[in-house]
Amino acid sequence: MFARLVGESFIRSPRRKLLAVAALTVGMAVATATLSVALDVGDRLAHEFRTLGANLLVTPQSDTLPLQIGGVDYRPVDEGGYLQESDIGKLKTIFWRHNIIGFTPFLDVPELIGDGNNRINVNIIGTWYEHDVPVPDGTTYRTGAAKTHPWWKIQGRWFSEGSRECVLGASLAARLKSNDVAVGSQISVPEPGESGSASDSLQRLLSLTVTGIVSTGGPEDGAVLVPLSITQEISGHRGQFRRLFVSALTKPEDSFSERDPNKMTPVEYDRWYCSPYISSIAHQIEQVLPGTDVRTIRRVAETEGRVLTRVSTLLWLVTLAALGAAALAIAATSAATILERRAEVGLMKALGATNLVVGGIFLAEQVLLAIAGGAVGFLLGAVLARELGESIFGIPASLRMVLLPIILALAVLVAVVGGMIPLRRAALLEPAPILRGE
């Protein structure tokens with residue numbers, strides 16, 4: 001009898017039922033789309049933010065403060081600490097090794113370039129552009145400035161690893177233009193000595209071919225960029241470097257991530273260690289590279305955290321607004337349904353039906369409508385999520401079937417909450433006045 005009463009109610013007022021299903025469909029479609037994008041937004045934006053460059057800087061703990069004037073590091077090459085190039089591959093052995101998407105070592109040497117009286121003192125920066133790094137597990141990983149400094153713009157091409165080639169910074173290339181230095185020309189890097197002269201053999205050894213002009217917006221614009229092995233040879237620090245830029249995928253910082261790990265309980269420490277906070281990744285790098293100081297590049301990390309938090313908050317607000325609108329629509333249709341069926345409610349109560357039975361009939365209707373609207377809304381939301389992902393990130397959002405039971409549960413919750421006030425009014429109806437037509 002209960003099922004028959006519920007079924008007949010759908011037959012008698014299909015238009016109002018369709019309106020309720022449409023409201024739930026729209027609400028659940030928006031909720032599905034925003035939740036799908038919200039689940040992807042962290043990873044998608046984290047990958048997008050890697051175009052901002054590295055977010056961690058690794059230096060020796062024993063290093064001295066740099067002395068830079070006009071972007072040129074005048075610190076003696078024998079002053080300060082150095083890191084071993086052979087240890088870099090250990091970065092891909094930490095717990096969050098898959099979140100380390102790039103790292104690039106740098107070794108700066110102040111030098112004289114040019115011929116005769118036209119020599120100028122510049123910073124020669126040794127680095128990698130694309131370099132294969134051996135990992136302790138026997139694999140290799142290709143990394144370099146192409147991953148940690150992707151915004152650098154090159155005219156021409158980058159130097160080849162292990163070659164006697166170089167790339168000029170844009171401002172330095174403009175200074176040397178009067179000396180007919182351009183892409184394809186040669187520059188000489190003499191050995192620094194007491195008189196500033198160099199032996200012919202070493203000068204020939206370090207004759208470099210200019211392969212490109214790079215624009216970085218930083219001090220590199222006034223420098224010469226060469227393969228790392230060249231500055232190691234010039235400085236006499238073979239197999240060593242001074243700075244390591246690391247680009248890592250992280251989650252936004254919160255109050256827990258900023259706590260001192262030395263004061264955490266074992267459970268808290270495990271939770272912090274197993275979360276991709278930038279602080280925990282920095283800690284793991286210090287563990288595999290002893291004697292290093294790993295610092296966060298705040299201008300990058302803080303920007304990521306702020307944007308991720310704001311975008312996630314916006315998506316959740318849109319989801320809540322869609323659910324609220326659907327609940328209001330359900331409340332309106334439920335109120336109209338109960339008003340229309342006052343006589344039926346009065347008759348059922350006169351025949352002995354309790355408020356629980358009457359409310360159960362209307363709630364069963366709402367649940368069935370919610371399941372139908374939630375299922376259709378999930379399908380439409382999946383299509384909408386793909387379109388949003390394509391337009392915002394250039395990659396369609398993935399379909400997450402785990403959201404289907406969540407969306408159905410939300411649809412039922414919205415339908416029940418939206419129908420509670422009208423159901424309460426139905427419970428207050430008295431059969432006698434209704435049957436008398438009052």
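Strand 15 (243-248) is largely enclosed by the rest of the structure, because 5 of its 6 residues are buried. Here, buried means under 20% relative accessible area, exposed means over 50%, and partly exposed lies in between, with a 1.4 Å probe and protein chains only. Helices (H or I, at least four residues) and strands (E, at least two) are DSSP runs, numbered from the N terminus. The model is a predicted one, in which local features need pLDDT of at least 70 and side-chain atom pairs count only at pLDDT 80 or more, while totals for chains, interfaces and linings use all residues. Residues are numbered from 1 along each chain as its sequence is written, and side-chain values use heavy atoms, with hydrogens and water left out.

Strand 15 has two antiparallel partners to look at, strand 1 and strand 5. Two strands are taken to pair if DSSP finds at least two bridges between them. Strand 1 meets strand 15 over 3 bridges, and within this pairing Leu57 has Phe245 as its bridge partner. Strand 5 is joined to strand 15 by 6 bridges, and Ile100 stands opposite Ala248.

These strands also feed the largest nonpolar core, which has 29 residues. A nonpolar core is a set of buried Ala, Val, Leu, Ile, Met, Phe, Trp, Tyr and Cys residues joined through side-chain atoms within 4.5 Å. The residues with the most contacts inside this core are Leu56, Phe103, Leu244, Val246 and Ile285. Strand 1 (56-60), strand 5 (100-113), strand 15 and helix 8 (278-288) each supply at least two of its residues, and the largest share, 5 residues, comes from helix 8. Leu56 gives a handy view of this packing: leaving aside neighbours within four places in sequence, its contacts (heavy atoms within 4.5 Å) include Leu244, Val246 and Ala248, as well as Ile278, Ile281, Ala282 and Ile285. Val294, Arg295, Thr296 and Ile297 are also among the residues that Leu56 touches. A second, separate core of 20 residues includes Ile120, Cys166, Ala173 and Ile230. In soluble globular proteins, nonpolar side chains tend to be buried together.

Strand 13 (residues 223-227) offers another enclosed element: 5 of its 5 residues are buried, so the rest of the structure largely encloses it. Strand 6 (residues 120-127) pairs with strand 13 in the parallel sense over 5 bridges, with Ile124 facing Val224 as its bridge partner. Strand 10 (residues 165-169) pairs with strand 13 in the antiparallel sense over 2 bridges, and here the bridge partner of Val167 is Leu225.

Aromatic side chains add further detail, with 12 aromatic pairs in the structure. Rings of Phe, Tyr and Trp (its six-membered ring) pair if their centres lie within 6.5 Å; planes under 30 degrees apart count as stacked, over 60 as edge-to-face and the rest as tilted. The pair formed by Trp151 and Trp152 is edge-to-face, because the ring centres are 6.4 Å apart and the planes are at 80°. Trp151 is partly exposed, with a relative accessible area of 30%, whereas Trp152 is buried at 8%. Tyr269 and Trp272 form a tilted pair, at 5.8 Å centre to centre and 45° between the planes. These two residues are 3 apart in helix 7 (residues 266-273), so about one helical turn separates them. Tyr269 is partly exposed, with a relative accessible area of 24%, while Trp272 counts as buried at 1%. One aromatic cluster is formed by Phe106, Tyr129, Trp151, Trp152, Trp158, Phe159 and Phe245.

Turning to the whole protein, there are 13 helices and 16 strands. Of its 438 residues, 46% count as buried. Among contacts with a separation of 6 or more, 77% come from residues 24 or more positions apart. The protein exposes about 21,700 Å², of which carbon and sulfur atoms supply 60%; accessible areas come from the Shrake-Rupley method with a 1.4 Å probe, and for residues only the protein chains shown count as cover.

Finally, a word on confidence: pLDDT, the predictor's confidence in each residue from 0 to 100, averages 79 over the protein, and 72% of the residues score at least 70. Confidence is highest in strand 8 (residues 140-143), at 95, and lowest in helix 5 (residues 200-205), at a mean of 42. Over residues 192-205, pLDDT stays under 50, and the model has 13 contacts beyond four places in sequence for them. Residues 67-75 also stay under 50, with 23 such contacts.
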